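Reader: I'm new to this one, and I'd like to learn how to read it piece by piece. Could you walk me through it?

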Amino acid sequence: MAKQPKWLSEPEEKDYAAADSYLSLLLAPDRLHEAVALLRKAPESAWRAKDILRAASLPLLKRKQSSEVAEKLEHIAKGVPISPILLIHDGRGRLVIADGYHRACAAYLVDEDTQVPGRLALFSELTLS
C-alpha cells in the first residue's frame, strides 16, 4: 500500500498567492480581495480526493501529465507534508479549486478515498459559465 500523504496544518502564504493569481482570471478586481479574504478565514475540513475532483468537474492529472503532480507524489513518498487545498463554492452548485488541484490529484493517485484537508469558502459572486 502506498504511503498516505502528510499534510501541513495550515495553507502556506504562497497558496493564498496562487489562489489570488488563479481567481484573478475568474473575478473582477474589486471582488478578488474579498474572495481571498474569505478563504483565509474559511473553516477547515477534509474531503475524499475523488469527491473534490468530481465536484469541481476536473479530470485526474497523472504523474506523466503533470510535473507538479509528479513532484507532489515524490513529497508524499518521502513523507514531506504538503499544503491543504483552497476551495470556493459559488452557492449554485459550482466548486472551484482556487489552489491545490495538483495536490488533490496526487492524493487521488495514492488512494481515491484519501482525505484531503482544506478550506472551503462560499463566495456567491463567483460566476462561471
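Reader: Let's start with helix 5. How many of the 10 residues of helix 5 are buried?

Author: Keep in mind that we're looking at a predicted model. A residue counts as buried when its relative accessible area is under 20%. In helix 5, 7 of the 10 residues are buried, so the helix is largely enclosed by the rest of the structure. The buried ones are Y101, R103, A104, C105, A106, A107 and V110.

Reader: And what covers the buried residues of helix 5?

Author: The cover includes helix 1, helix 3 and helix 4, along with strand 2, strand 3 and strand 4.

Reader: Let's turn to helix 1. Which residues of helix 1 are buried, and which are exposed on the other side?

Author: D15, Y16, A19 and L23 are the buried residues of helix 1. Seen down the helix axis, they fall within an arc of 100°, so they line one face of helix 1. On the other side, E13 and K14 are exposed. As for what covers the buried residues of helix 1, that includes helix 2 (29-41), strand 2, strand 3, helix 5 and strand 4 (115-122).

Reader: Now the nonpolar side chains. How do I read a core?

Author: Here's the general idea: in soluble globular proteins, nonpolar side chains tend to be buried together. In this structure, the largest nonpolar core has 20 residues, and I52 and I97 have the most contacts inside it. Helix 3 (49-55), helix 4, strand 2 (85-89), strand 3 and helix 5 each give two or more residues to this core. The largest share comes from helix 5, with 6 residues.

Reader: What does I52 touch, leaving out residues up to four places away in sequence?

Author: On that count, I52 touches W47, I85, L87, L95, I97, A104 and V116. There's also a second, separate core of 15 residues, and A35, L86, I88 and V96 are among them.

Reader: L86 caught my eye there. Where does L86 lie, and is L86 buried or exposed?

Author: L86 lies in strand 2. Its relative accessible area is 0%, so L86 is buried. Leaving aside neighbours within four places in sequence, L86 is in contact with P11, D15, Y16, A19, L39, V96, I97, A98, D99 and R119. Two of the names to look for there are D15 and Y16, which are also buried residues of helix 1.

Reader: P11 is in that list too. Where is P11 found, and what is P11 in contact with?

Author: You'll find P11 in the segment before helix 1. At 11% relative accessibility, P11 counts as buried. With neighbours within four places in sequence left aside, P11 is in contact with Y16, P84, L86 and R119. Try comparing sequence and space here: P11 and S83 are 72 residues apart in sequence, and their C-alpha atoms are 5.2 Å apart.

Reader: What about Q4, also in the segment before helix 1?

Author: Q4 counts as partly exposed, at 34% relative accessibility. Not counting residues up to four places away in sequence, Q4 touches I76, V110, D111 and T114. The C-alpha atoms of Q4 and A121 are separated by 26 Å, with their places 117 residues apart along the chain.

Reader: Now the loops. Which loop holds D90, and which holds S57?

Author: D90 sits in the loop between strand 2 and strand 3. At 2% relative accessibility, D90 counts as buried. S57 lies in the loop between helix 3 and helix 4, and S57 is exposed, with a relative accessible area of 60%. Check the backbone of S57 as well: phi is near 55°, a positive value in a residue other than glycine.

Reader: Last one: how do I read a pocket?

Author: In general, rolling a probe the size of a water molecule over the atoms shows where empty space is left. Here, the largest pocket holds about 390 Å³ of space. Its lining has 20 residues, and E68, D99, G100, H102 and R103 lie nearest the centre. Helix 1 (13-23), helix 4 (67-78), strand 3 (95-99) and helix 5 (101-110) each give two or more residues to that lining. By class, the lining has 9 nonpolar, 4 polar and 7 charged residues.

Conventions. Residues numbered from 1 in each chain as written. Predicted model: local features only at pLDDT ≥ 70, side-chain atom pairs only at ≥ 80, totals over all residues. Heavy atoms only, no water. 1 Å grid on protein atoms, 1.4 Å probe; cavity = no way out; pocket = protein on both sides within 12 Å on 5 of 7 lines; lining within 4 Å. Points joined across faces, edges and corners; volume = space filled by probe spheres on them. Helix = DSSP H or I, 4+ residues; strand = E, 2+ residues; numbered from the N terminus. Nonpolar A, V, L, I, M, F, W, Y, C, P; charged D, E, K, R; others polar. Core = buried A, V, L, I, M, F, W, Y, C linked by side-chain atoms within 4.5 Å. Buried < 20%, exposed > 50% of the residue type's maximum accessible area, 1.4 Å probe, protein only. Contact = heavy atoms within 4.5 Å. Arc of directions from axis to C-beta.
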